[in-house]
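Biologist: I am new to this structure. Can you teach me how to read its features, starting with the spaces inside?

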Amino acid sequence: VVTIAQPLMRELADYTQSAVMLGAADGMRMVVLEVCQGDSTFHLKLDPGARVPHGTTALGRADLAARPQDVFDQHLLTLEQDCEPSLWPKVRNGIVRARQDYENYGFCFSMGDWNPDVFAVGVPMVSADRSRILAFNCSGRLSVMTREKLIHDFGPKLVALRNTVFERT
């Protein structure tokens, strides 16, 4: 998958002037499998092997959005136990909203939730037998990643990238 996805991710990263990532769930975190940076002045400083949160990143939210309801509910319980109680309502609302956004748009968002200077869009890729979920995201600085641009341009392009990778695997 990484071999097929990498040139497409590079193209999208250059187009969006952002970081495009591919990740997979590893427990209650996401492990980054590949990163393509599209702007030499903006780096998230994440390399393959880095682990990021499920609940606040577009990568993690995309993974959660594709989970069956019973698995999703179980993940929420586990995430709540690992979260600082005062932060949980905001984290939970972001996760639930991301699942709704995935149903409405085909992708979900993290609008400064993980890093206040970064807006991102994420999309899951579910294997044909539904046994494995990978996720793609596109993360960039606020000045580039407006919600409007994510909805009408970058999000649909990320979905197209996911669909192309899925068709080629």
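Modeller: Gladly. Keep in mind that this is a predicted model. The largest cavity has a volume of about 110 Å³.

Biologist: Which residues are closest to the centre of the largest cavity?

Modeller: The lining counts 14 residues, and Thr57, Ala58, Trp114, Asn137 and Ser139 lie closest to the centre. Then look at the elements. The lining takes at least two residues from each of α2 (58–65), β5 and β6.

Biologist: How many cavities of 30 Å³ or more does the structure hold?

Modeller: The count is 1.

Biologist: What about pockets? What is the volume of the largest pocket?

Modeller: A pocket is open, whereas a probe in a cavity cannot get out. Here the largest pocket comes to about 170 Å³. Its lining includes Met28, Arg29, Pro53, His54 and Trp88. Two elements, α3 (69–82) and α4, give two or more residues to that lining.

Biologist: Now strands. How do I read the pairing of β1 and β2?

Modeller: Look at bridges and direction. Strand β1 (residues 19–26) runs antiparallel to β2, with 8 bridges between them. One pair to find is Ala24 with its partner Val31 in β2. The hairpin of β1 and β2 has 2 residues between the strands, and Gly27 there takes a positive phi near 70°.

Biologist: Which residue is the bridge partner of Val31 in β3?

Modeller: Arg51. Strand β3 (residues 51–53) is joined to β2 by 3 bridges, again antiparallel.

Biologist: Why is β2 called largely enclosed?

Modeller: Count residues under 20% relative accessible area, the cut-off for buried. In strand β2 (residues 29–37), 7 of the 9 residues are buried, so the rest of the structure largely encloses this strand. As a general idea, side chains in a regular strand alternate between the two faces of the sheet.

Biologist: And helices? How do I check the length of α5?

Modeller: Use 1.5 Å a residue. Helix α5 (residues 147–168) has 22 residues, so the span should be 32 Å; the end C-alpha atoms are 30 Å apart, which agrees.

Biologist: Where is the kink in α5?

Modeller: At Phe154, shortly before the proline Pro156. The kink is about 40°.

Biologist: What do the buried residues of α5 pack against?

Modeller: First find them: Leu150, Phe154, Leu158, Arg162 and Val165 are among the buried residues of α5. The buried set packs against α1 (2–16), α4 (88–105), β4 (108–111), β5 (118–126) and β6 (133–141).

Key. Residues are numbered from 1 along each chain as its sequence is written. This is a predicted model: local features need pLDDT of at least 70, side-chain atom pairs count only at pLDDT 80 or more; totals for chains, interfaces and linings use all residues. Side-chain values use heavy atoms; hydrogens and water are left out. Buried means under 20% relative accessible area, exposed over 50%, partly exposed in between (1.4 Å probe, protein chains only). Helices (H or I, at least four residues) and strands (E, at least two) are DSSP runs, numbered from the N terminus. Two strands pair if DSSP finds at least two bridges between them. The expected span of a helix is 1.5 Å times one less than its number of residues. The bend at a residue is the angle between axes fitted to the seven residues ending there and the seven starting there. Contact means heavy atoms within 4.5 Å. On a 1 Å grid over the protein atoms alone, a cavity is a set of points where a 1.4 Å probe fits but cannot get out, and a pocket is an open set with protein on both sides within 12 Å along at least five of seven lines; lining residues have an atom within 4 Å of a point. Grid points are joined across faces, edges and corners, and a volume is the space filled by probe spheres set on the points.
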